[in-house]
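Thank you all for coming. I would like to walk through one model this morning, beginning with a single loop residue and working outwards from there to the overall arrangement.

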Amino acid sequence: MAKTSKFVAIATSKCPKCRRGDVFSGTLYGLNFQETNERCSHCGMKFEVEPGYFYGAMYVSYAFVVGEMLTIGLLTYLITGNDSSPWLYISTILGAIALLTPINYRYSRLFLLHFLTPKIKYYPDYDTDDKLSNI
Ligand SMILES: [Zn+2]
């Protein structure tokens, strides 16, 4: 059985330990607001590994937003060639950041779980369709 790659696990919002269980409930842009599950439904890993753990995701989200603002500002300049009105840039950047907020929320937490927490490791044995009952 092929194991799930880290890229696929992040793109599909899966648990960093087993890469099977969902980290979030709710859809990205649906009316039911996305929430971080307390535990993985497949392996039982507790996602908030310590109190206040997800405060670290704010720093990741900040880095995402800075990169997005620079990219959107540059694209706005390249597309419009405008160098006189700051309101075009302000409205474009703020509108795009507002639309990207759910994505930043989700992927900053996944980035923190998958890359920035050394004590969370991938267990290939858990990456199976079998139900894990004795963990
Ligand atoms: Zn899991």
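Let me start with R19, which sits in the loop between α1 and β1. Please keep in mind throughout that this is a predicted model, and that what I say about R19 and every other residue is read from that prediction. R19 has a positive phi of about 60° although it is not a glycine. That is worth pausing on, because most residues other than glycine have a negative phi. As for its surroundings, R19 has 24 other C-beta atoms within 10 Å, and since 20 or more is the cut-off for burial, it counts as buried.

The loop between α1 (6-11) and β1 (24-25) also holds S13, and there phi is again positive, near 60°, in a residue other than glycine. Is S13 buried, exposed or partly exposed? With 18 C-beta neighbours inside 10 Å, S13 is counted as partly exposed.

Stepping back to the whole chain, the protein has 3 helices and 2 strands, and these follow one another from the N terminus in the order α-β-β-α-α. Its radius of gyration is 18 Å, whereas a compact globule of 135 residues would come out near 14 Å. The C-alpha trace spans about 65 × 35 × 30 Å along its principal axes, and 19% of the 135 residues count as buried. If we take the contacts between residues at least 6 apart in sequence, 57% of them join residues at least 24 apart.

Now to the helix pair. Two packed helices are described by the angle between their axes and the distance between the axes. Here helix α2, residues 56-80, packs against helix α3, residues 86-115, at an angle of about 145°, and their axes lie 8 Å apart. The crossing of α2 and α3 is right-handed, and the contact between them comprises 15 nonpolar, 8 polar and 2 charged residues.

Three residues let us look at this region in detail. On the α3 side, I93 touches M69, I72 and G73, once residues up to four places away in sequence are set aside. I93 has 18 other C-beta atoms within 10 Å and is therefore partly exposed. By way of a longer view, the C-alpha atoms of I93 and N32, 61 residues apart along the chain, are separated by 26 Å.

On the α2 side we have G56, which, leaving aside neighbours within four places in sequence, is in contact with L112 and L116. G56 counts as partly exposed because it has 16 C-beta neighbours inside 10 Å. Between the C-alpha atoms of G56 and I120, which are 64 residues apart along the chain, the separation is 15 Å. A57, with the same exclusion of residues up to four places away, touches S108, R109 and L112.

A57 and L112 bring us to the interior, as both belong to the largest nonpolar core. In soluble globular proteins, nonpolar side chains tend to be buried together. In this model the largest such core has 12 residues, namely C15, C18, V23, C40, M45, F47, A57, Y107, L110, L112, L113 and Y126. Which element gives the most to this core? It is α3, with 4 residues.

I will stop there and take comments.

Terms used:
Residues numbered from 1 in each chain as written. Predicted model: local features only at pLDDT ≥ 70, side-chain atom pairs only at ≥ 80, totals over all residues. Rg over C-alpha atoms; globule rule 2.2 N^0.38 Å. Contact = placed C-beta atoms within 7 Å. Axes fitted to C-alpha atoms, helices over the stretch in contact; angles between N-to-C directions. Left-handed = near helix turned anticlockwise from the far one by under 90°. Nonpolar A, V, L, I, M, F, W, Y, C, P; charged D, E, K, R; others polar. Core = buried A, V, L, I, M, F, W, Y, C linked by C-beta atoms within 7 Å.
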